[in-house]
Amino acid sequence: MMSDKREKVMREADGSCGPFDFRVEGFEDGYRLTFHGDRERIRDGRRVSGAFLNFLQQADRVGLRLPFPFRMLLRFWKRYNRRPHDDD
């Protein structure tokens, strides 16, 4: 199955930015962006992001008018959570 995905990659590029390594892969029908870095630092960042998103969701529920970028972030997050995830 992995070989099927590899055949569809039209272009790819690797790079690094600070402590993170990343890869961009271009497919016929879209792109994939992958980051690699220190697991603990990423885990801490996810905790902080999750707490901020929870705050935004609560503020939205009580009817506070959120600035445009935060409303867009919430819309994206709601769509992201509706999508089925692969656990591989």
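This is a working chat about the strands, helices and salt bridges of a predicted model.

Me: Before we start, what kind of model is this, and how are residues numbered?
Reply: The model is predicted, so local features need pLDDT of at least 70 and side-chain atom pairs count only at pLDDT 80 or more, while totals for chains, interfaces and linings use all residues. Numbering runs from 1 along each chain as its sequence is written, and side-chain values use heavy atoms, with hydrogens and water left out.

Me: OK, the sheet. What's the strand order?
Reply: Three strands make an open sheet in the order β1-β2-β3, with antiparallel pairing. The edge strands are β1 and β3, each pairing on one side only. On average, neighbouring strands of this sheet are turned by 15 degrees against each other, direction ignored. Strands here are DSSP runs of E with at least two residues, helices are runs of H or I with at least four, and both are numbered from the N terminus. Two strands pair if DSSP finds at least two bridges between them.

Me: How many bridges between β1 and β2?
Reply: Eight, between β1 (residues 9-17) and β2 (residues 20-27), in the antiparallel sense. Asp14 stands opposite Arg23 in β2, and Gly15 stands opposite Phe22.

Me: And what's in the turn of that hairpin?
Reply: There are two residues between β1 and β2, and Gly18 in the turn has a positive phi of about 65 degrees.

Me: What about β2 and β3, how many bridges there?
Reply: Seven, again antiparallel, with β3 covering residues 30-36. Phe22 has Phe35 in β3 as its bridge partner. The hairpin that joins β2 to β3 goes through two residues.

Me: Switching to charges. How many salt bridges does the structure hold?
Reply: Six, counting a side-chain nitrogen of Lys or Arg within 4 Å of a carboxyl oxygen of Asp or Glu. Side chains of opposite charge can pair when their charged atoms come close.

Me: Which residues are linked in a network of salt bridges?
Reply: Glu12, Asp14 and Arg23. Asp14 and Arg23 also stand opposite each other in the β1-β2 pairing.

Me: What does Glu25 pair with?
Reply: Arg32, with the closest N and O atoms 2.8 Å apart. Glu25 is buried at 5% relative accessibility, whereas Arg32 is partly exposed at 33%. Buried means under 20% relative accessible area, exposed over 50%, and partly exposed in between, with a 1.4 Å probe and protein chains only.

Me: Any within a helix? Where do Arg43 and Glu40 lie?
Reply: Both lie in α2, three residues apart, about one turn of the helix. Their closest N and O atoms are 2.7 Å apart. Arg43 is partly exposed at 39% relative accessibility, and Glu40 is partly exposed at 43%.

Me: And Asp60, what's its partner?
Reply: Lys78, with the closest N and O atoms 3.7 Å apart. Asp60 lies in α2 and Lys78 in α3 (residues 68-82), so this pair ties together parts that are 18 residues apart in sequence. Asp60 is partly exposed at 35%, and Lys78 is partly exposed at 41%.

Me: Then the helices. How many residues has α2, and how far does it reach?
Reply: α2 has 23 residues and reaches 33 Å from first to last C-alpha, close to the expected 33 Å. That expected span is 1.5 Å times one less than the number of residues. After α2 comes Gly63, with a positive phi near 95 degrees.

Me: How do α2 and α3 pack?
Reply: At an angle of about 105 degrees, with their axes 10 Å apart. Axes are lines fitted to C-alpha atoms, for helices over the stretch in contact, and angles run from 0 to 180 degrees between N-to-C directions. That makes α2 and α3 roughly perpendicular, a label for 65 to 115 degrees; under 35 is roughly parallel, over 145 roughly antiparallel, and the rest oblique.

Me: Which residues meet there?
Reply: Phe52, Leu53, Leu56, Gln57 and Asp60 in α2 meet Phe70, Leu73, Leu74, Trp77 and Lys78 in α3. Contact means heavy atoms within 4.5 Å.

Me: Is Gln57 buried or exposed?
Reply: Buried, with a relative accessible area of 18%. The buried residues of α2 are Leu53, Leu56, Gln57 and Ala59, and what covers them includes α3. Leaving aside neighbours within four places in sequence, Gln57 is in contact with Leu74 and Trp77.
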